[in-house]
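Colleague: Could you walk me through this model? I have a few short questions and will jump around a bit.

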Amino acid sequence: EPLFRSARQLSEPLLGKRLDGVWHTGVLAYGKEYFYGSLGIEWCPPVKHHFLISQNKRLRLQGGTILGWPDQVVDMGNSQVPEEIFNEYLISLKDKYSPSCYHLLEHNCNSFSAEIVLFLTGNPIPQHITNLPKEVMSTPFGAMLKPIIDSMSMRRAPSHASSRLEP
């Protein structure tokens with residue numbers, strides 16, 4: 001919550017426009033929340049099993065995860081993709097979403113979520129999430145920050161670090 005409150009408070013004076021948050025996204029499917037971060041593709045169980053997967057494989061969160069309670073939950077629709085196919089797809093993305101490929105603006109948790117949701121449902125994630133980096137970088141302050149962010153997010157050769165997807 002402090003990060004989101006700070007984004008709301010600081011965005012106007014720094015960027016000249018108000019941002020409602022700096023979004024972290026994950027995808028809740030088959031009883032797990034999948035996300036991409038500094039360790040690559042990971043997953044965590046939902047808190048108190050409040051995640052509901054109905055017989056028609058509806059992707060819906062009824063509670064929170066160990067990552068905390070979400071600021072916003074968006075129902076992205078139904079999936080007809082069997083869990084086994086989904087798991088194979090995730091493994092096929094391991095190199096694309098390795099720790100060394102992470103970039104704060106261009107290849108991040110939101111990029112991963114967008115790709116996963118599109119695969120599962122055929123639907124895009126909300127544009128206010130995918131457009132946030134462009135919106136920030138279109139401001140004079142954002143343009144000043146880009147070289148710093150790029151230097152922190154230099155793409156390195158794959159490190160072959162394992163992710164939580166591997167058994």
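Colleague: Where does Glu12 sit?

Modeller: Glu12 is placed in helix α1, residues 2-15, where helices are DSSP runs of H or I with at least four residues, strands are runs of E with at least two, and both are numbered from the N terminus. This is a predicted model, in which local features need pLDDT of at least 70 and side-chain atom pairs count only at pLDDT 80 or more, while totals for chains, interfaces and linings use all residues. Residues are numbered from 1 along each chain as its sequence is written, and side-chain values use heavy atoms, with hydrogens and water left out.

Colleague: And what does Glu12 touch, leaving aside residues up to four places away in sequence?

Modeller: Glu12 touches Lys17 and Arg18 once those sequence neighbours are not counted, a contact being heavy atoms within 4.5 Å. Glu12 itself counts as partly exposed, at 44% relative accessibility; buried means under 20% relative accessible area, exposed over 50% and partly exposed in between, with a 1.4 Å probe and protein chains only.

Colleague: Let's zoom out. How many helices and strands are there?

Modeller: There are six helices and five strands, and from the N terminus the order of elements is α-β-β-β-β-β-α-α-α-α-α. The protein has 167 residues, of which 40% count as buried, and among contacts between residues at least 6 apart in sequence, 58% join residues at least 24 apart.

Colleague: What about the exposed surface?

Modeller: The protein exposes about 9700 Å², with carbon and sulfur atoms supplying 58% of that area; the accessible areas come from the Shrake-Rupley method with a 1.4 Å probe, and for residues only the protein chains shown count as cover.

Colleague: On to the sheet, then. What is the strand order?

Modeller: It is an open sheet of three strands in the order β1-β2-β3, with antiparallel pairing, where two strands pair if DSSP finds at least two bridges between them. β1 (27-29) and β3 (40-44) are the edge strands with a single partner strand each, so one side of each has no neighbour in the sheet. Neighbouring strands are turned by 30° against each other on average, with direction ignored.

Colleague: Which helix packs on that sheet?

Modeller: Helix α3, residues 109-121, packs on the sheet and touches β1, β2 and β3, and its direction makes about 35° with that of β1. Those axes are lines fitted to C-alpha atoms, for helices over the stretch in contact, and the angles run from 0 to 180 degrees between N-to-C directions.

Colleague: How many bridges hold the strands together?

Modeller: Three bridges join β1 to β2, and five join β2, residues 32-37, to β3. Glu33 has Cys44 as its bridge partner in β3, Leu28 stands opposite Glu33, and Tyr34 is partnered by Trp43 in β3.

Colleague: Is β2 enclosed or open?

Modeller: Five of the six residues of β2 are buried, so this strand is largely enclosed by the rest of the structure.

Colleague: What do the turns between the strands look like?

Modeller: The hairpin that joins β2 to β3 does so through two residues. The hairpin of β1 and β2 also has two residues between its strands, and there Tyr30 takes a positive phi near 55°.

Colleague: Why would anyone remark on that phi?

Modeller: Most residues other than glycine have a negative phi, so a positive one stands out. Tyr30 has its positive phi although it is not a glycine, and this residue is buried, with a relative accessible area of 13%.

Colleague: Back to Cys44: how many disulfides does the structure hold?

Modeller: The structure holds zero disulfides, a disulfide being a pair of cysteine sulfur atoms within 2.5 Å. Cys44 is buried, at 1% relative accessible area, and Cys109 also counts as buried, at 6%.

Colleague: Last one: what does the side chain of Ser100 contact?

Modeller: The Ser100 side chain makes a polar contact with the side chain of Ser98, at 3.1 Å. A polar contact is a pair of N or O atoms within 3.5 Å; within protein, one must be able to donate a hydrogen and the other to accept it, and residues adjacent in sequence count only if both atoms are side-chain atoms. Ser100 lies in the loop between α2 (83-92) and α3, as does Ser98. Ser100 counts as buried at 3% relative accessibility and Ser98 at 8%, and Ser98 touches Tyr36 and Gly40, not counting residues up to four places away in sequence.
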